[in-house]
Amino acid sequence: MEDTLSLVVIPKVLEDFILYKGKEFSSDSEAYTFYNEYARRGYFGIRKEYANKYKKTKKLTSRRLVCDREGFRGKDNRDHQTNRARSETRCGCYARVTIVLNRETRMYVVSDFVEEHNHHLHNAATVHMIPSQRKMSAAQEIEADIAHESGIRIKDAYHFFSKQVGGSEGLGFTRRGQKNYLRGKRQRSLMYGEASNIERCFSRHLKENKLYHYAIELDFEE
């Protein structure tokens, strides 16, 4: 039976933000940023489906970006008696954009573009909570840093941030997103900061003295 939602109309807000076959981008990241903004204005989410690269140089030659409701979810192999069955979100939507590298111009060109969706779109009030649209602002990152350095638990800090804007729906990011941000910053600190210097010092001692031994223990915040 034909899906009655097969031609969902994109909001008029996209009339001045055009995407079409033949449109060029200088990089893969530029194409993703553009399509993600296109999706935000069109009230849907996106994800990366596949990418092809040159074997020798690893340079990306093509990529497809799709609606986050593309395809269908695989079989749930968890215990069938689970009390928290995951809700189905995918419905085989065909909305997508494919970019291909032009070897002469070194630009990425849109070779395939499907605009229509086969499902209801989000609305302006909730679009910022779609996974691909969630993002902490620079000010929010600073606030999260200050709260973390002050010893405030992530849960309590997130609750405070939510109260400031009248509810979590106004934040634009989730508690998991806040946690991932802080984890990423710690990992970068371990790679480039004081912890890395200590690690290099220990490694140098180990090279100079094979009997030397050291161990690192991580706390609950890694």
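## Order of elements

Read from the N terminus, the protein chain of this predicted model follows the pattern β-α-β-β-β-β-α-α-α-α, and its secondary structure comes to five helices and five strands. Of the contacts with a separation of 6 or more, 55% are between residues 24 or more positions apart.

The protein chain has 222 residues, of which 32% are buried. Its accessible surface comes to about 15,700 Å², and carbon and sulfur atoms account for 52% of that area.

## The E2–E3 hairpin

Strand E2, covering residues 46–53, and strand E3, covering residues 60–67, run antiparallel and are joined by seven bridges. At one of these pairings, Ile 46 has Cys 67 in E3 as its bridge partner. Six residues lie between the two strands of this hairpin, where Lys 58 takes a positive phi near 65°.

A salt bridge also connects the two strands: Glu 49 pairs with Arg 64, with the closest N and O atoms 3.9 Å apart. Because Glu 49 belongs to strand E2 and Arg 64 to strand E3, this pair ties together parts that are 15 residues apart in sequence. Glu 49 itself is partly exposed, its relative accessible area being 33%.

## Salt bridges

In total, the structure holds eight salt bridges. One of them joins the side chains of Asp 28 and Arg 63, with an N to O distance of 2.9 Å. This pair links distant parts of the chain, since Asp 28 sits in helix H1 (residues 28–42) and Arg 63 in strand E3, 35 residues apart. Both Asp 28 and Arg 63 are buried. As a general matter, side chains of opposite charge can pair when their charged atoms come close.

Another salt bridge is formed by the side chains of Asp 156 and Arg 153, at 3.1 Å from N to O. Here Asp 156 counts as partly exposed, at 36% relative accessibility, whereas Arg 153 is exposed, with a relative accessible area of 54%. Elsewhere, salt bridges that share partners join Glu 49, Arg 64, Arg 96 and Asp 112 into one network, and the pair of Glu 49 and Arg 64 described for the hairpin belongs to this network.

## Nonpolar cores

Which residues have the most contacts inside the largest nonpolar core? This core has 21 residues, and those with the most contacts inside it are Leu 19, Phe 25, Tyr 35, Tyr 38, Phe 44, Val 97 and Val 110. The elements that give two or more residues to the core are helix H1, strand E3, strand E4 (96–101) and strand E5 (108–114), and H1 gives the most, with five residues. In soluble globular proteins, nonpolar side chains tend to be buried together.

The surroundings of Phe 25 can be set out in detail: leaving aside residues up to four places away in sequence, Phe 25 touches Leu 19, Glu 30, Ala 31, Phe 34, Ile 99, Met 107, Tyr 108 and Val 110. Among these neighbours, Leu 19 and Val 110 are, like Phe 25, listed with the residues that have the most contacts inside the core. Apart from the largest core lies another, of 10 residues, which includes Ala 157, Tyr 158, Phe 161 and Leu 182.

Conventions:
Residues are numbered from 1 along each chain as its sequence is written. This is a predicted model: local features need pLDDT of at least 70, side-chain atom pairs count only at pLDDT 80 or more; totals for chains, interfaces and linings use all residues. Side-chain values use heavy atoms; hydrogens and water are left out. Helices (H or I, at least four residues) and strands (E, at least two) are DSSP runs, numbered from the N terminus. Buried means under 20% relative accessible area, exposed over 50%, partly exposed in between (1.4 Å probe, protein chains only). Contact means heavy atoms within 4.5 Å. Accessible areas come from the Shrake-Rupley method with a 1.4 Å probe; for residues, only the protein chains shown count as cover. Two strands pair if DSSP finds at least two bridges between them. A salt bridge is a side-chain nitrogen of Lys or Arg within 4 Å of a carboxyl oxygen of Asp or Glu. A nonpolar core is a set of buried Ala, Val, Leu, Ile, Met, Phe, Trp, Tyr and Cys residues joined through side-chain atoms within 4.5 Å.
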